Amino acid sequence: MAALNENAIRISVVLATRNRAAMIPEAVRSILQNDHPDFEVIVVDQSEDDEAEALLQPFLADPRLRYFRDSRRGRSAGQNAGFREARGSLVVMTDDDCTVPTDWLRQFEQAFASDARIGIAFGNVLPAPCDPAIGCIPSYIRRQPFLARHVRDKIQVEGIGACMAVRHSVWSSLGGFDEMLGAGSRFKAGEDGDLAMRALSAGTWIYETPAISVTHFGLRTWQQLPALMNSYWYGLGAMMIKPMKLGQWHAVLLLARLAAKWVMGRSTVGSSLGPKMHRLRKLRSFLRGFCAGAAVPVNQATGHYVAAVPARELELGGSRPLN
Amino acid sequence: MPFPLVSVIIPTFQRPQLVLRAVRSVLAQTMRELELIVVVDGGDPATLEALGSIADSRLRVKPLPKKIGSAGARNAGVAEAQSRWIAFLDDDDEWFPRKVEMQLEAAEQATSPHPIVSCRFIARSHEGDLVWPRRVPAVDEPLGEYIFCQHGLRGGEGLVLPSTVLTTRELLLSVPFRGDLPRHNDVDWLLRAIRVPGATVVFIAATDPQAVWYIETNRPRISNTSDWRYSVRWIEESRALVTPRAYASFLLIWASSTAARGRAWKAFWVLPWKAIRNGKPRAIDLLAHLAIWLTPRSARSAISVFLESRKQPQRGLYGSA
């Protein structure tokens, strides 16, 4: 099959957005300015208005950009929609409020080239300059590269979806992101970490390196931060109970260590989300997510949370395409 | 152009905007060595003009002088096709870019000479997306039972969507679509094709969906009271193609739901009587029949959740994405 696809696109960039059009042109422009010879950009727009679509019009003349509307909600659903449209064997993700350097895609490709067992890679998410009197920008900064080969290494891997790349085959074999996790979904966060965890459990390696980075402009005011923090830890709680529900008991020790690390405020992402004095609040949100996750069934075959029975599937016979 | 490995056939009539979406999804495939034959079913200048705007040498438009229906249009496309493999796409559906690549791989690895390759798809409506079918056929499961018999009260369990079918040209030439059937055309073809020695239904290994079936844009479903009688006649005529279990399930679930939508109460008694007399209904079929006629949606939801919760996890059974 490889011979058939010697012309195939090597990298697809997926950018999911919802009702936050302001930064989109900047983000798309910085991606299209990459010096990689062979990539496409897929924008999945879940907005209720047409602002992002209008702002992207000037860029659509570039055949490398493909734009899709998605009427569903949730970042993980948007990412999955983008992955389905992706033609590259490597899919790189960032957020609608980030800009990327010109060597971004080449660096990602290089990271994966070092070993075929690497299925996911994370880079740094650097905060843009901001006024500390108003708020702060969530970030993820690692000084040394790290290669995770086992679930127990997850304690070192906290990369976030704003600078993440996944082999399409890995995404496919894991059944994609869990659409019950992630911003805008039932459990509000945690879809990126969940994919990383399931990948490690399946024997895939994860590479994190400071050689790759994006700049994050998503300023959160001090008033907005508590809500963001709550959803972040709530999502983590829901993500962490999943391996137990799947009977992966070797993960339990890891969970305990990770939870302790997070609650103690020694987490890189976590500490970028606010001062350490909010430990109790974090713990509370984490436990709430943990309990909420316990109440929702997990599909043993796919490792995804199961949504309620959709109304359409109760229309017996009548909804069938073949009659 | 290199010799095409796959011929894609889209039958269409008077839906220029929709067919363009379908055509673009074919031309964006990662497997590029394909030819696309759009069969325009009858005089339709708007569609011909829309297709004229696409500059791709792989696209061929075949206008038919008069309308002969989708089955005839598909057969006309098969007659035009040059490749060993043929894939169908309806004009209101679309594919994801890897669909043909993955199916061709599965087709070439298949042990049987005439695999009918299918895949999961997204059933999209204003209520949201569902990934169907929820289950792929078990080894040695008769195709009729896979399509008609369900294990619970939820739809979307076993399906072979026409827009996901890729198979050999040879099989389509020896078993063409029947142009004289107003309904059940696709399933009729599947059940007859599967009887050809060496024909088997194969699902690609990947569980993620490779096509989108738009429920809203489908022709409005006007069911009149005679539709269920037509379905009964079709299954009686096709009884040799299905097992007694599949026969009973078809009557008690498919025909029953059609009749229930038209509130044709005679069917409420006739269908179980026929199913019991001529077929082998299972308890779940009779339960489904009662549920279709007698319970509101909410009660059906509760029964369905109860049945699902009592089930052991099964290989090949997936939740709805």
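Helices, as named in these legends, are DSSP runs of H or I with at least four residues, and strands are DSSP runs of E with at least two, both numbered from the N terminus. The structure shown is a predicted model.

**View 1. A positive phi at B:H184, in the loop between α6 and α7 of chain B.** Most residues other than glycine have a negative phi. B:H184, although it is not a glycine, has a positive phi of about 60°. This residue has 19 C-beta neighbours inside 10 Å and therefore counts as partly exposed, since the class of buried residues begins at 20.

**View 2. The mostly covered helix α7 of chain B.** Seven of the nine residues of α7(B) are buried, namely B:N185, B:D186, B:V187, B:W189, B:L190, B:L191 and B:A193. These buried residues pack against elements of chain B that comprise the helices α3 (69-80), α5 and α6 (169-174), together with the strands β6 (114-118) and β10 (199-203).

**View 3. The two domains of chain B and the contact between them.** Chain B is divided into domain 1, which covers residues 6-214, and domain 2, which covers residues 227-309. Their C-alpha centres lie 27 Å apart, and 16 residues of domain 1 are in contact with 21 residues of domain 2. On the side of domain 1 that touches domain 2, the elements giving two or more residues are α5 (143-148) and α7 (185-193) of chain B. By class, this side of domain 1 has five nonpolar, five polar and six charged residues.

**View 4. The largest nonpolar core, with 88 residues.** The residues with the most contacts inside this core are B:V8, B:I9, B:V38, B:A87, B:F121, B:F250 and B:L251. Helix α9 of chain B, residues 244-261, supplies the largest share, 11 residues. Because domain 1 (6-214) and domain 2 (227-309) of chain B both give residues to the core, it lies between them. Around B:V8, once residues up to four places away in sequence are set aside, the residues touched are B:V26, B:L34, B:L36, B:I37, B:A87 and B:L89. A second core, separate from this one, has 75 residues, including A:V28, A:A77, A:A162 and A:M240.

**View 5. The packing of helices α9 and α10 of chain B.** Two packed helices are described by the angle between their axes and the distance between the axes. For α9(B) and α10(B), the latter spanning residues 266-278, the angle is about 170° and the axes are 9 Å apart, which means that α9(B) is roughly antiparallel to α10(B), the cut-off for that description being an angle over 145 degrees. From α9(B), the contact is made by B:Y247, B:A248, B:L251, B:L252, B:A255, B:S256 and B:A259, while α10(B) contributes B:A267, B:L271, B:P272, B:K274, B:A275 and B:N278. By class, this contact has 10 nonpolar, two polar and one charged residues.

**View 6. B:D41 in the loop between β2 (34-40) and α2 (45-52) of chain B.** With 23 C-beta neighbours inside 10 Å, B:D41 counts as buried. Apart from its neighbours within four places in sequence, B:D41 is in contact with B:P11, B:T12, B:F13, B:L64, B:K67, B:I68 and B:A73. One of these partners, B:K67, is 26 residues away from B:D41 along the chain, yet the C-alpha atoms of the two are separated by 5.0 Å.

**View 7. B:K66 in the loop between β3 (59-63) and α3 of chain B.** B:K66 has 7 C-beta neighbours inside 10 Å and so counts as exposed, the limit for that class being 12 or fewer. B:K66 and B:D44 are 22 residues apart in sequence, and their C-alpha atoms are 9.7 Å apart in space.

**View 8. A cis peptide bond from B:W132 to B:P133.** Most peptide bonds are trans. The bond from B:W132 to B:P133 is cis, with omega near -10°, and B:P133 has its place in the loop between β8 (128-132) and α5 of chain B.

**View 9. A positive phi at A:N19 in chain A.** A:N19 is not a glycine, although its phi is positive, at about 50°. The residue is placed in the loop between β1 (11-17) and α1 (24-32) of chain A. Because A:N19 has 13 C-beta neighbours inside 10 Å, this residue counts as partly exposed.

Terms used:
Residues numbered from 1 in each chain as written. Chains lettered and ligands numbered in written order. Predicted model: local features only at pLDDT ≥ 70, side-chain atom pairs only at ≥ 80, totals over all residues. Core = buried A, V, L, I, M, F, W, Y, C linked by C-beta atoms within 7 Å. Domains from an automatic or database assignment. Contact = placed C-beta atoms within 7 Å. Axes fitted to C-alpha atoms, helices over the stretch in contact; angles between N-to-C directions. Parallel < 35°, antiparallel > 145°, perpendicular 65-115°, else oblique. Nonpolar A, V, L, I, M, F, W, Y, C, P; charged D, E, K, R; others polar.
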